[in-house]
Structure formats: structure tokens, C-alpha cells
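Hello,

Please find the structure below. My notes come after it.

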Amino acid sequence: MNLETLQATLGITFKDQALLVRALTHRSYLNENPELPYLDNERLEFLGDAILDFIAAEYLYHHFPEMHEGDLTSLRAALVKGETLARFAIDLGLPHHLLMSRGEQAARGHERAPLLAGAFEALIGAVYLDQGFEVTRALVLRFIPAEAERIYALRLDRDAKSMLQELSQGKLQATPHYRLIETRGPDHARDFTIAVFINGREYGRGTGRSKQTAEQNAARVALENLQAELSREEHAALIALKGQVE
């Protein structure tokens with residue numbers, strides 16, 4: 001952990017450095033070091049989640065003035081879902097600053113989307129408590145506009161499972177099947193990993209704090225892989241057809 005490097009990346013100097021340390025402390029670290037006077041980041045994660053929801057909703061309300069409530073809701077959900085927040089965390093270099101147990105490190109916890117998403121939410125909560133709302137909004141808006149445009153342009157806010165089923169049945173005459181691969185964590189904080197198969201072949205995996213979220217994330221990966229595969233096949237078919245014509 002290097003607080004100076006992280007604060008330089010954020011463009012923020014914390015008045016309460018202990019608050020920043022807390023935002024970076026995963027519960028596994030305290031389970032392994034119970035003698036330390038630290039607190040884990042889960043309460044900050046709770047606060048940051050609510051703040052992110054509000055800032056995302058405010059941004060979408062003003063920048064998509066003709067969009068209906070249902071579409072705004074799905075777009076916001078895509079903006080603040082774990083996979084998206086994990087990428088924001090990586091952009092800030094958070095994986096290099098997290099405090100976690102040796103076991104969690106060995107299990108490559110710094111690469112797991114749910115853990116990184118939680119750390120990003122905790123950081124937002126800590127910035128809010130230390131710096132106030134305007135500084136927090138400015139930090140969040142470093143990420144949201146470009147991501148909102150990307151999600152909207154690619155329609156990533158649509159239900160991935162439904163889209164995958166439509167494409168799979170239409171192109172392959174096959175229905176996707178989902179399989180639970182792994183369950184990690186204590187009962188109150190489970191992480192699920194689910195893989196999706198089409199015609200017996202795995203097309204993608206996803207993780208989430210519920211099986212439904214993991215399935216959606218798996219479907220999203222599978223959708224991208226299937227679309228890429230079909231595009232390659234169509235391109236190859238066009239080249240072959242062109243060769244026959246010539």
C-alpha cells in the first residue's frame with residue numbers, strides 16, 4: 001500500500017488518512033490480523049454504493065433528457081454493476097493498494113471483480129466523508145460519462161441472458177445452459193462463479209454476489225464471444241463466396 005501514490009492518482013489528499021486505509025482494508029486482512037486496530041471497508045462500501053447510485057442517476061437524468069424511466073434504470077444498473085466498478089478500480093490502481101489476507105492474495109483476490117468493486121465503493125464512501133459531495137461527484141464523473149456512452153451505444157444495459165438466448169437459438173438452434181462452477185466466501189458474503197454452455201461448449205464465465213448476477217455476467221461474456229465467432233464465420237463465408245465468383 002502506498003497512500004501517497006494513490007492520492008496523487010486521485011488528485012485528493014485525505015485529511016483523515018486512517019479513513020483511506022479503512023477503505024482499502026478487506027475483511028480477510030482483519031480475520032488474519034485480529035490484533036490490529038483497523039476496521040474493514042464494508043460500512044464504507046455500503047455508503048459508497050448509495051452515493052454512486054445517486055451520482056449516476058443524476059448524470060443520466062440530465063444527459064439523456066428524452067429517456068424513459070425504465071431505460072434510465074437499466075442504464076444506471078449497468079453503470080454501477082460490479083464488473084464496471086471493478087474496471088474503475090483497476091484504472092485507479094486499487095489492486096496494488098488493497099490490504100487482504102495471505103490466503104486471499106494467493107487466491108488472486110486482487111483480480112476478483114466483486115472484491116475490486118467493493119473497494120471502489122468503499123473509496124467513494126471515504127472520499128465523501130473526508131472531502132464532501134462535490135469532490136466525490138468530480139471523482140465519479142471521471143468515469144461515468146464515457147462508460148455511459150459506451151453502454152448506451154452497445155446496448156449493454158439490455159438483459160444479457162435474453163439477448164444470448166435469442167442469438168443462440170436464432171443462429172445455432174441451441175439454448176444456453178448455465179452451470180455453477182464455484183462458490184466462495186462466508187454465508188453472508190458469497191461470491192458465485194457460473195459458466196454458460198452452448199451445445200456443450202463453454203462460451204463464458206461470470207462472478208457475482210448472487211447466482212442471478214453471476215449468470216448475467218456470464219451471459220454478457222458469452223454474448224461477446226458468440227458474436228465474435230459468428231462474425232468470423234460470416235467473414236470467412238463471404239471470402240469463400242467471393243473466391244467462387246471469381
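The notes cover confidence and then two residues.

This is a predicted model, in which local features need pLDDT of at least 70, side-chain atom pairs count only at pLDDT 80 or more, and totals for chains, interfaces and linings use all residues. Residues are numbered from 1 along each chain as its sequence is written, and side-chain values use heavy atoms, with hydrogens and water left out.

Confidence: the protein chain has a mean pLDDT (the predictor's confidence in each residue, from 0 to 100) of 90, and 96% of its residues reach 70 or more. Helix α9 (residues 133-140) has the highest confidence, at 97, and helix α12 (residues 211-245) the lowest, at a mean of 80. Helices are DSSP runs (H or I, at least four residues), numbered from the N terminus.

H26: this residue sits in the loop between α2 (17-23) and α3 (27-32). H26 counts as buried (under 20% relative accessible area, 1.4 Å probe, protein chains only) because its relative accessibility is 12%. Its side chain makes a polar contact of 2.8 Å with the side chain of S28; such a contact is a pair of N or O atoms within 3.5 Å, where within protein one must be able to donate a hydrogen and the other to accept it, and residues adjacent in sequence count only if both atoms are side-chain atoms. Beyond its neighbours within four places in sequence, H26 is in contact (heavy atoms within 4.5 Å) with D40, N41, L99, M100, E104 and L115.

T84: helix α6 (residues 82-91) contains T84, which is buried because its relative accessibility is 1%. A polar atom of the T84 side chain lies 2.9 Å from the backbone oxygen of A78. A78 is also among the contacts of T84 outside its neighbours within four places in sequence, together with L79 and E147.

Regards

Methods
Helices (H or I, at least four residues) and strands (E, at least two) are DSSP runs, numbered from the N terminus. Buried means under 20% relative accessible area, exposed over 50%, partly exposed in between (1.4 Å probe, protein chains only).
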